[in-house]
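Let's walk through this model together, starting with the overall layout and then moving into the places where side chains meet. Keep the structure open beside you as you read.

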Amino acid sequence: MTSPNTSAVSDHKPRPWIDLLVSIVIPSVILMKFSGDEYLGSVNALIIGLAFPLGWGLFELIRYGKKNFIALLGIISVTLTGGIGLLELDAGWLAIKEAAVPAVIGLAVLVSTRTRYPLVRTLLYNPNVLDVDKIHQTLIEKGKVAEFEARLLNASYFFAATFLFSSIMNYVLARWIVTSDAGTQAFNEELGRMTLVSYPMIAIPSMVMMMLIFWYLWRTISRLTGYKLEQVMAPHLADK
């Protein structure tokens, strides 16, 4: 019998527009427009603004059950941002934090290549997207397993590079935009502006890189197995 939690995980679908609204647009508007003393004040605006991405991240993590290393880092990142603002630490710590989170993920990607479960396999080459059993069996029959594994390792290095790019850009953006003292209205406004600007300058290029890595992985599978994409899609996707 399927438990309610298992059903919720299987029915979970990406909601990019809601993610964008809750994690970026609403916090940015609150921080930039309502940090003045005549509205919420700098402290309340910071707490309320960051409560949206923090609450949404916790909801996703608890509601859909599965342990998610990247989601957990996102929650930690938001909490640290709030801590820097509330403790009125030097703005340079924000830049360090912004760079550290993607750097840790990139490092985890590299470390995972030395384990049985590389992250690129979990995120891109997994049964929810591709019929990995069918692909693996064909690779065995054609004697292409070693070549495929080498290509998968390359994809892991490319994947780690996207987080290196994000780490560098986060640091540059934070140092460039957030220059005021933490705990002030100006700091909140700059933090909101940085959140908005980071989407077109960092998130979108990173997503394009991810798509190119998937395309590289798919071209490898196609060349080594001879299959077309629709022939190796995960069964539950192919049936739709």
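A good place to begin is with how the chain folds back on itself: among contacts between residues at least 6 apart in sequence, 74% join residues at least 24 apart. Please keep in mind that this is a predicted model. The chain has 10 helices and 0 strands, so reading along the sequence gives the pattern α-α-α-α-α-α-α-α-α-α, with helices defined as DSSP runs. Of the 240 residues in the chain, 38% are buried.

Where do those buried side chains gather? In soluble globular proteins, nonpolar side chains tend to be buried together. Here, the largest nonpolar core holds 23 residues, and the members that touch the most others are Tyr125, Leu130, Ile135, Phe148, Leu217 and Ile221. Several helices contribute to this core: helix 5 (92–112), helix 7 (132–142), helix 8 (145–177) and helix 9 (185–225) each supply at least two residues. To see one member's surroundings, pick out Ile135. Setting aside residues up to four places away in sequence, Ile135 touches Tyr125, Leu130, Ile221, Thr225 and Val232. There is also a second, separate core of 17 residues, and its members include Leu31, Leu50, Ile177 and Leu191.

Now turn to the way the helices pack. Two packed helices are described by the angle between their axes and the distance between the axes. For helix 8 and helix 9, the angle is about 170° and the axes are 10 Å apart. Angles over 145 degrees count as roughly antiparallel, which means that helix 8 is roughly antiparallel to helix 9. The residues of this contact between helix 8 and helix 9 divide into 24 nonpolar, 7 polar and 5 charged.

Aromatic rings add some detail to this picture. The model has 2 aromatic pairs. In one of them, Phe158 and Tyr216 are arranged edge-to-face, at 5.3 Å centre to centre with 80° between the planes. Phe158 belongs to helix 8 and Tyr216 to helix 9, so this pair ties together parts that are 58 residues apart in sequence. How exposed or buried are the two partners? Phe158 is partly exposed, with a relative accessible area of 41%, whereas Tyr216 counts as buried at 16% relative accessibility, because buried means under 20%.

Phe159 and Phe163 form an aromatic pair that is also edge-to-face, at 5.3 Å centre to centre and with 75° between the planes. Both of these residues lie in helix 8, 4 residues apart, about one turn of the helix. Phe159 is buried, with a relative accessible area of 3%, and Phe163 is buried too, at 11%.

Those two phenylalanines lead us to another helix partner, since Phe159 and Phe163 are among the helix 8 residues that meet helix 5. The axes of helix 5 and helix 8 come within 8 Å and cross at roughly 180°, and the two helices are therefore roughly antiparallel to each other. On the helix 5 side, the residues in contact include Ala99, Pro102, Ala103 and Gly106, while those on the helix 8 side include Ala160, Ser166, Ser167 and Asn170. Overall, the residues of the contact between helix 5 and helix 8 divide into 14 nonpolar, 6 polar and 2 charged.

Ser167 is a handy residue to select at this contact. It is found in helix 8 and is buried, with a relative accessible area of 10%. Leaving aside neighbours within four places in sequence, Ser167 is in contact with Ala99, Pro102 and Ala103.

For a contrast in exposure, look at Leu107, which is found in helix 5. At 53% relative accessibility, Leu107 counts as exposed, because the cut-off for exposed is over 50%. Leu107 and Phe163 are 56 residues apart in sequence and 8.7 Å apart in space, C-alpha to C-alpha.

One last stop is Gly83, placed in helix 4 (residues 69–86). Gly83 is partly exposed, with a relative accessible area of 24%. What separates Gly83 from Leu46, in sequence and in space? The two are 37 residues apart in sequence and 9.9 Å apart in space, C-alpha to C-alpha.

Conventions
Residues numbered from 1 in each chain as written. Predicted model: local features only at pLDDT ≥ 70, side-chain atom pairs only at ≥ 80, totals over all residues. Heavy atoms only, no water. Core = buried A, V, L, I, M, F, W, Y, C linked by side-chain atoms within 4.5 Å. Buried < 20%, exposed > 50% of the residue type's maximum accessible area, 1.4 Å probe, protein only. Contact = heavy atoms within 4.5 Å. Axes fitted to C-alpha atoms, helices over the stretch in contact; angles between N-to-C directions. Parallel < 35°, antiparallel > 145°, perpendicular 65-115°, else oblique. Nonpolar A, V, L, I, M, F, W, Y, C, P; charged D, E, K, R; others polar. Phe/Tyr/Trp six-rings, centres within 6.5 Å; stacked < 30°, edge-to-face > 60°.
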